[in-house]
Amino acid sequence: MAPPPQPAADTGIIGRDTELRALRDLLFEATVHGATRVVCGHAGSGKSALLGTAVQAATAAGLRVLRGAGIRGGKPSDLSGLRQIVWPVLGPAGRSLSGGRPDALEMLFVDGTPSPADRSRLAFSVLEMLETVSAEQPLLVAVDDWDALDEPSREVLSFVARRTTGPRMALLMTARPHRTRLTPLDGLPELRLGPLTPDQSTRLLAARRPGLDAQAVRELLGTAAGNPLALLELPARSEDSSPYAPVSSDRLAATMAPGAARLPTGTQDLLLVAALHPAGDLPLLLSAASRIDGTELGFTTLEPAEREGLVEFDGMRLLFSHPATAGAIVHGTDPRRIRTAHAALAHVLADGSVRMLWHLSQSIEGHDPDLAGRLESVHRHALEQCEPVMAVRLLRRAAELHSTPEGQGRCALRAAQLAHSLGLERMTRTMAHRALRRPLGPLGVLCAEALARTGGTPLPADPAAWPEPDGPAEQVNGLELARITAPALVGDDTRAEALLAFLDRMPDRADDPRLLQAMATVGPVRRAATVLAGVHAVRNLADLPVRDLQYLGEAALAAGDPLRAVDLYRQAERRHRFHDALDQLPPVLLRQGLAHLATGDWGQGSHALRQCVVLAEAHGQDHHAAAARLLENLLRALRTGGTVPPGTVRELAAARRSVRTIDAVLAVGAARAQVEKGDLEAAFPALSALLGRPRVSAAAMFALVAFAEAAEAADATAEARAVLDRLEERLGAECAPDAVARFTVARAVLADDHEEEELFERAFAQDLSGRPFLEAPLRLAHGRRMRRRRQFADSRTALRQAAATFTMMGAEARVAQIAAELRASGERPETGSAGGADHAAPRDLLTPQELRIAELAGSGRSNREIGDLLGLSPRTIGAYLYRIFPRLGVTARAQLTEVLREHRPV
């Protein structure tokens with residue numbers, strides 16, 4: 001048997017490997033017993049490209065190919081589709097078919113419309129003709145856009161498609177799906193084309209449109225939504241396009257909306273305002289569309305667009321069949337009509353709202369200082385509503401509408417600063433260059449120059465030469481300049497100190513989120529107390545833009561207060577979810593996962609990082625996805641005591657764009673994973689090197705207790721105490737409260753016999769209720785010391801408490817080690833907990849709420865899932881479990897099910 005025909009290895013088609021294999025199988029079946037396939041997919045999904053690849057492979061394998069294609073946007077004549085396919089085999093020299101059917105067929109195709117009687121005979125005649133051709137040579141009939149053929153041709157081909165088994169013939173057809181009506185193709189073998197994945201889409205852009213910047217890639221991925229044609233055809237958005245309208249191209253518009261130009265004028269106007277204001281409900285859009293030509297429009301206006309498959313109506317809003325359809329519909333529309341549509345929308349929206357002013361700004365030409373001032377003011381409302389990109393657009397448009405150079409420069413610079421905070425590099429550079437062409441203050445000029453180099457070689461900054469801020473506007477420029485340049489100053493002590501001195505000269509801005517974020521960037525350890533005092537001094541968090549919440553969270557985490565960081569990032573997450581701004585969630589979830597990593601709440605950290613990966617990949621934010629995957633691997637190693645897998649060069653480069661300190665975090669995490677594994681002696685040199693550096697990283701400060709545990713196991717307590725002494729002396733008054741607690745616990749772990757009681761008493765005297773990452777190792781160290789003194793009963797109690805806390809943290813490897821130590825100290829599975837509760841039922845040991853939580857935890861639910869069910873926070877659920885575990889005498893969630901089932905502690 002001959003090998004199956006195969007599409008060429010290098011087809012240039014990305015992301016369709018499964019479909020290409022299916023086409024290979026189809027061609028093989030054609031040479032053996034016949035087959036039919038319908039490639040079904042939306043406009044632009046790549047149906048024609050796959051069909052062309054199959055045709056090339058069939059030709060190369062020696063199959064005869066007959067082709068035909070439908071034409072969209074018109075009304076084809078009857079039998080025009082079949083005529084394309086069978087004409088090459090009608091009456092060729094030397095061919096003779098029984099019954100004279102070729103002559104009859106030829107006459108029918110020439111004469112035109114078949115009668116009903118001719119239609120029934122036609123299907124059998126075409127089938128017989130194709131069977132005859134396939135008897136001489138295996139045959140592929142390839143039909144593109146079957147659903148755009150004339151009706152008689154569609155009927156005949158659907159008849160043939162169900163009767164290809166037997167002859168050496170394959171029928172391959174492409175068609176678009178229809179949402180409502182059944183088609184003659186129903187029930188035939190289908191090859192459905194879904195959207196490309198974000199990774200496949202990114203690879204397609206890299207291969208076919210190299211050189212796009214990160215912002216353009218994100219925009220294209222979002223609008224194309226995995227559609228190959230949209231990825232290749234969508235233009236990169238221009239910052240100068242006015243009035244605003246979704247972008248498209250001639251080819252994309254002809255594919256996505258071929259019948260849009262033939263729609264009634266009222267329907268076209270309705271689709272136009274829907275494309276400009278996709279968040280509007282149908283009554284509002286009808287009201288706006290009615291104002292364009294002054295004609296009252298009703299709900300029936302929508303029906304022609306629905307029949308064309310351009311939109312759906314969900315009961316409230318219009319939904320375009322694809323995100324790129326909006327641009328396809330608007331493409332080619334006169335700019336004057338687009339301005340009229342914007343004006344109509346502004347008239348029907350709430351006066352003074354963000355969207356009303358935005359549409360109003362797009363409806364006018366020339367300068368309008370009053371409107372520019374309103375845009376400048378309302379951009380703050382856009383920030384509060386989690387619409388930072390809209391805030392940038394408002395400021396950019398305000399810069400165009402201002403009549404004075406000063407106003408133009410001020411708004412352009414603000415737009416550039418905000419765009420930089422969002423990672424919009426192209427917009428940042430564009431607006432910074434515009435600002436530099438207008439009069440700015442000294443700090444404004446320095447800030448604009450730094451922003452103009454975004455994405456390139458950073459401008460060397462010397463904060464010692466920066467002038468004093470003169471007035472509120474220059475203070476804002478100084479704070480933004482500090483925020484922008486701080487990352488480049490990390491590691492340069494002289495310039496970092498100069499930046500800190502510059503920030504110190506603005507005492508009235510001591511709690512400004514930008515100041516705190518810049519200070520925490522260059523001095524996370526040596527300015528920790530100052531930063532955290534500023535973070536905790538901020539009041540009315542509900543009134544802050546979500547961007548400032550993220551700045552405060554970053555500052556709190558870097559300065560050593562991960563609990564405050566978790567709280568701030570959760571507030572930011574709730575805001576984004578409330579406003580359905582899912583594309584802005586990945587960096588928030590990523591840093592929330594980092595904060596959970598620092599607190600020891602590793603289960604919640606893994607949950608946040610998994611969500612980050614999903615959302616980052618969905619919105620083309622590969623740098624956040626790369627960082628989240630690396631951190632998730634780290635958390636897995638910490639939980640299980642495994643080895644932290646090294647990231648690839650590409651992964652690390654991408655992750656550094658998201659988390660600047662990712663290398664330090666991974667280095668500290670790898671050493672901590674050795675501690676969790678129980679390989680303490682191997683962990684000590686690595687942790688000692690990290691904490692003994694002249695410039696200790698903020699990440700290393702979270703490993704103080706792990707360092708003490710490793711030193712105690714390696715019999716290097718004196719060396720470890722010397723390291724702690726040097727660190728505390730270096731920090732002095734800037735030692736943050738959380739760092740003080742970590743130092744106190746670390747010293748207790750390292751205590752000599754003569755000072756053991758005093759240091760443990762001091763450590764336990766701290767408020768550790770919200771710090772399981774400190775309480776767990778402290779109780780573990782205390783339990784081990786009591787076991788060494790042969791105080792077995794007290795030792796078992798302390799070890800069980802440590803195991804319960806480590807279980808709450810998700811530290812599986814630690815729990816297993818402690819279970820072994822409990823067995824070594826005399827704990828037996830059947831003895832139950834100390835205190836004589838051997839035969840007490842769980843209902844007697846727990847309150848109803850505690851029993852419910854224990855049952856849910858035993859079923860495998862996470863703290864967050866239990867909290868969602870009971871209306872409690874994950875931290876509260878953890879506190880409940882912390883009390884439940886020792887009471888039942890268990891050390892792991894998995895034991896809860898058995899305990900509750902048998903009604904007695906293990």
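## A walk through a helical chain

Leaving aside its neighbours within four places in sequence, Arg-527 touches Leu-500, Asp-504, Met-519 and Glu-734. That's our way in, and one thing to keep in mind from here on is that this is a predicted model. Arg-527 sits in the loop between helix 24 and helix 25. Is this arginine buried or exposed? With a relative accessible area of 15%, Arg-527 is buried, because the cut-off for that label is under 20%. One of its contacts is worth zooming in on: the side chains of Arg-527 and Asp-504 make a polar contact at 2.8 Å.

Now step back along the chain to helix 24, which covers residues 513-522. How many of its residues are buried? The count is ten of ten, so "mostly covered" is a fair description by the under-20% rule. The list includes Arg-514, Gln-517 and Thr-521, along with Leu-515, Leu-516 and Met-519. What do these buried residues pack against? Their partners are helix 22 (472-489), helix 23 (493-504), helix 25 (528-537) and helix 26 (546-559). Have a look at the start of helix 24 too, where a side-chain oxygen of Asp-512 comes to within 2.8 Å of the backbone nitrogen of Arg-514. Met-519 ties this part of the story together, since that residue is among the buried ones of helix 24 and is also on the contact list of Arg-527.

Time to zoom out. The protein chain has 46 helices and seven strands. Along the principal axes, its C-alpha atoms fill a box of roughly 115 × 75 × 50 Å. Of the 906 residues in the chain, 54% are buried. If you take the contacts with a separation of 6 or more, 68% of them come from residues 24 or more positions apart.

Next, a pair of helices to compare by eye. Helix 17 (residues 369-384) and helix 18 (residues 388-401) have axes that come within 8 Å and cross at roughly 165°. That angle makes helix 17 roughly antiparallel to helix 18, because anything over 145 degrees gets that name. The crossing of helix 17 and helix 18 is left-handed. Who meets whom here? From helix 17 the residues in the contact include Leu-371, Leu-375, Val-378 and His-379, and from helix 18 they include Met-390, Leu-394, Leu-395 and Arg-397. Sorted by class, the contact of helix 17 with helix 18 holds 14 nonpolar, one polar and two charged residues.

The loop between helix 17 and helix 18 is home to Cys-386. Its phi is near 60°, a positive value in a residue other than glycine. At 3% relative accessibility, Cys-386 counts as buried. Asp-145 is another residue to check for backbone angles: its phi is near 55°, again positive in a residue other than glycine. You'll find Asp-145 in the loop between strand 3 (139-144) and helix 6 (151-161). Asp-145 is buried as well, with a relative accessible area of 15%.

Further along the chain comes a second helix pair. Helix 33 (residues 680-691) and helix 35 (residues 704-713) pack with their axes 8 Å apart, at an angle of about 130°. What does that angle make them to each other? Helix 33 and helix 35 are oblique, because the angle of about 130° falls outside the ranges for roughly parallel, roughly perpendicular and roughly antiparallel. Helix 33 passes helix 35 in a left-handed crossing. On the helix 33 side the contact includes Phe-684, Leu-687 and Ser-688, while helix 35 brings residues including Phe-707, Glu-709 and Ala-710. By class, the contact of helix 33 with helix 35 divides into eleven nonpolar, one polar and two charged residues.

Last stop: Asp-752, in the loop between helix 37 (737-749) and helix 38 (756-764). Asp-752 is partly exposed, because its relative accessibility of 26% lies between the 20% and 50% cut-offs. Which residue does its side chain pair with? The partner is Arg-721, and a polar contact of 3.3 Å joins the two side chains. For a sense of scale, turn from Asp-752 to Arg-355: the two are 397 residues apart in sequence and 67 Å apart in space, C-alpha to C-alpha.

Methods: Residues are numbered from 1 along each chain as its sequence is written. This is a predicted model: local features need pLDDT of at least 70, side-chain atom pairs count only at pLDDT 80 or more; totals for chains, interfaces and linings use all residues. Side-chain values use heavy atoms; hydrogens and water are left out. Helices (H or I, at least four residues) and strands (E, at least two) are DSSP runs, numbered from the N terminus. Buried means under 20% relative accessible area, exposed over 50%, partly exposed in between (1.4 Å probe, protein chains only). A polar contact is a pair of N or O atoms within 3.5 Å; within protein, one must be able to donate a hydrogen and the other to accept it, and residues adjacent in sequence count only if both atoms are side-chain atoms. Axes are lines fitted to C-alpha atoms, for helices over the stretch in contact, and angles run from 0 to 180 degrees between N-to-C directions. Angles under 35 degrees count as roughly parallel, over 145 as roughly antiparallel, 65 to 115 as roughly perpendicular and the rest as oblique. A crossing is left-handed if the near helix is turned anticlockwise from the far one by less than a right angle, and right-handed if clockwise. Contact means heavy atoms within 4.5 Å. Ala, Val, Leu, Ile, Met, Phe, Trp, Tyr, Cys and Pro count as nonpolar, Asp, Glu, Lys and Arg as charged, and the others, Gly among them, as polar.
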